[in-house]
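Please read the following briefing alongside the sequence and the coordinates. It takes up salt bridges and then one helix.

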Amino acid sequence: MALPSPTQRQLSPDDGVRRRLALYRMHLHLLMTVEMPSRGITPANDPGRHALLAELLDRDLAGLSGG
């Protein structure tokens, strides 16, 4: 029996995969946040970026806590 091609396979991530992906996203969002000052980016001169990262981190945390 032949295996389905990669485009035909359905991925069904389990809870562990979803948790790892959420942690990877959080890592990225935290890095982007803590590196802002060293790049001259502050909430005062780029409030949209600061607000977006805060929103994304809140969403990631809620997802990890099951909320």
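With which residue does Arg18 form a salt bridge, and how far apart are the closest N and O atoms? The partner is Asp15, and the closest N and O atoms of the pair are 2.6 Å apart. The model is a predicted one, and the points below set this pair beside other salt bridges before turning to helix α1.

**Salt bridges**

- Side chains of opposite charge can pair when their charged atoms come close.
- Counted with a side-chain nitrogen of Lys or Arg within 4 Å of a carboxyl oxygen of Asp or Glu, the model holds five salt bridges, among them the three described here.
- Arg18 and Asp15 both belong to helix α1, where they are three residues apart, or about one turn of the helix.
- Of this pair, Arg18 is partly exposed, with a relative accessible area of 42%, whereas Asp15 counts as exposed at 58% relative accessibility.
- A further salt bridge joins the side chains of Glu35 and Arg39, with an N to O distance of 3.1 Å; Glu35 is partly exposed at a relative accessible area of 32%, while Arg39, at 58% relative accessibility, counts as exposed.
- Arg49 and Asp46 also meet through their side chains in a salt bridge, at 2.9 Å from N to O.
- Arg49 has a relative accessible area of 37% and is partly exposed, and Asp46, at 23% relative accessibility, likewise counts as partly exposed, since the buried class is reserved for values under 20%.

**Helix α1: extent and start**

- Helix α1 comprises the 20 residues 15-34, and the distance from its first C-alpha to its last is 28 Å, close to the 28 Å expected at 1.5 Å a residue.
- At the start of α1, Asp14 places a side-chain oxygen within 3.2 Å of the backbone nitrogen of Gly16.

**Helix α1: buried and exposed sides**

- Which residues of α1 are buried? They are Ala22, Met26 and His29.
- These buried residues lie on the same side of α1, because they cover an arc of only 70° around the axis.
- The buried residues of α1 pack against α2, which spans residues 47-64.
- On the face of α1 turned away from its buried side, the exposed residues are Tyr24, His27 and Val34.

Notes: Residues numbered from 1 in each chain as written. Predicted model: local features only at pLDDT ≥ 70, side-chain atom pairs only at ≥ 80, totals over all residues. Heavy atoms only, no water. Helix = DSSP H or I, 4+ residues; strand = E, 2+ residues; numbered from the N terminus. Expected span 1.5 Å × (residues − 1). Buried < 20%, exposed > 50% of the residue type's maximum accessible area, 1.4 Å probe, protein only. Arc of directions from axis to C-beta. Contact = heavy atoms within 4.5 Å. Polar contact = N/O pair within 3.5 Å; in protein donor to acceptor, adjacent residues only side chain to side chain.
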